[in-house]
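Please open the model in a viewer and keep the sequence panel at hand. The stops below proceed selection by selection.

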Amino acid sequence: MKRFILFLLYCLFFLHFSAAQDSLLLKDFRPISVYNIQKTEIAKAKFPVIDVHTHPDPMSKAAVDEWVKTMDMVGIKKSLVLNYSTGKRFDSIYNIYSKYGDRFDVWCGFDYTGYNEPGWSAKAVKELERCFEVGAKGVGELGDKGSGLFYSKPSPPAMGMHIDDERMRPLLKRCGELNMPVSVHVADPYWMYLPMDEHNDGLMNAYEWKIDTSKKDLLLHSELIKTLENAVRENPNTTFIACHLANCSHDLDIIGGLLDMYPNLYAEIGARFAELAPIPRKAKAFFERYQNRLLYGTDMGQEPSMYRTTFKILETSDEHFYDHDRFSYHWPLNGFDLNDETLRKLYYE
């Protein structure tokens, strides 16, 4: 009888487990680490931080005041506000953030209005110079996911025109003359280009941001990286910042090779913490090798917990932890345990 009861209990457990396994969707999978391992909480960055990739999400005085309080709380000395705007929109954003002194630098965009018309480059340069006179410290974030440059407000996107287009050269050259760095987002993480099937290990996030690779005249990942390289090579007196490590988290040797070749190229890590945290040893070696060329960025809002998660990844040797509220991949995160010299350079030097 005892064996029979144990057999029934086993059957019930098996049926319950099988039902859960069959009905649980991967998008609802929220594992909790049970490992008895180091768990470090970082309240404030180890050194002062300059965040080179933020956006003007707060647009009221009260909201910006709250952001500044958060910056003080977690150790952010300054935030670079990339608003890719021109005209009155840029002016209005600048007027909000310039009231906070050196806590914010406001960057402008390029005006793509009439980019297919003769004389467009000269007109766009004039607007760039006007934004500079108002107070713009740099240009960005420029963006191209394959169809052309499209991060620009209020002007329409420049479909079919990429960063290495001949029409862009006068603008990029002028940026160098004005000492305005250019922040460029090309491509997206590699998982977004792969088939959305059982072999894609970044599936949950990749599916949300997937790239339609069948789209006509779409430049794919390697082609977009080439457009960035062309622009950097052809404008040696202009400083470029590759947003999100030029979306080469899957193969850091690609962006490393570009950094080796072009001294006017830098790279920032905004919104690619989840892509790097699964490979902590490779990431640590990369950060320490290119410590003079890498910049801290977030591009993930203004919540204190967001900043603290980034510090935990960069500063600690913690393993196998999750941030389900922030990252939708289904893999655990790990810390890089960067040394102080690398952290200082990454954060602010």
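Begin by selecting β1 (49–54), α6 (203–208) and α9 (273–276), each of which contributes at least two residues to the lining of the largest pocket. The model is a predicted one, and this pocket has a volume of about 640 Å³. To centre the view, pick Trp-209, Ala-271, Arg-272, Asp-299 and Met-300, which lie nearest the centre of the largest pocket among its 30 lining residues. Colouring that lining by residue class gives 10 nonpolar, 10 polar and 10 charged residues.

Move next to the second largest pocket, with a volume of about 460 Å³. Which residues lie nearest its centre? They are Ile-50, Val-52, Leu-80, Ile-241 and Leu-295, out of a lining of 23 residues. Two or more lining residues come from each of β1, β2 (76–82), β3 (104–107), β10 (294–295) and α12 (340–347). Of the elements in this lining, α12 gives the most, with 3 residues. By class, the lining of the second largest pocket comprises 13 nonpolar, 4 polar and 6 charged residues. Strand β1 is thus worth keeping selected, since this strand supplies at least two residues to the lining of the largest pocket and two or more to that of the second largest.

With β1 still selected, add β2 and β3 and display the strands as a cartoon. These 3 strands form an open sheet in the order β1-β2-β3, with parallel pairing. Which strands are at the edges? β1 and β3 are the edge strands, each pairing on one side only. From one strand to the next, the twist averages 15°. The parallel pairing of β1 and β2 extends over 4 bridges; to inspect a particular position, select Thr-54, whose bridge partner in β2 is Val-81. Then show helix α2 (residues 61–74), which packs on the sheet and touches β1, β2 and β3. The direction of α2 makes about 135° with that of β2.

Return to α12, already met in the lining of the second largest pocket, and select helix α11 (residues 304–315) together with α12. The axes of the two helices come within 11 Å and cross at roughly 145°. Display side chains for Phe-311, Leu-314 and Glu-315 of α11 and for Leu-343, Leu-346 and Tyr-347 of α12, the residues that make the contact. By class, this contact has 5 nonpolar residues, no polar residues and 1 charged residue.

The next stop is an enclosed space. A search of the whole structure finds 1 cavity of 30 Å³ or more, and the largest cavity has a volume of about 50 Å³. Select Ala-274, Tyr-322, Asp-323, His-324, Phe-327, Tyr-329, Trp-331 and Leu-333 to show its lining. The lining of the largest cavity divides into 6 nonpolar, 1 polar and 1 charged residues.

Finally, colour the protein chain by pLDDT. The chain averages a pLDDT of 94, and 94% of the residues score at least 70. Which element has the lowest mean pLDDT, and which the highest? Helix α1 (residues 2–23) has the lowest mean, 56, whereas strand β8 (residues 240–242) has the highest, 99. Where pLDDT is low, predicted coordinates should not be read in detail.

Terms used
Residues numbered from 1 in each chain as written. Predicted model: local features only at pLDDT ≥ 70, side-chain atom pairs only at ≥ 80, totals over all residues. Heavy atoms only, no water. 1 Å grid on protein atoms, 1.4 Å probe; cavity = no way out; pocket = protein on both sides within 12 Å on 5 of 7 lines; lining within 4 Å. Points joined across faces, edges and corners; volume = space filled by probe spheres on them. Nonpolar A, V, L, I, M, F, W, Y, C, P; charged D, E, K, R; others polar. Pairing = 2+ DSSP bridges. Axes fitted to C-alpha atoms, helices over the stretch in contact; angles between N-to-C directions. Contact = heavy atoms within 4.5 Å. pLDDT = per-residue confidence, 0-100.
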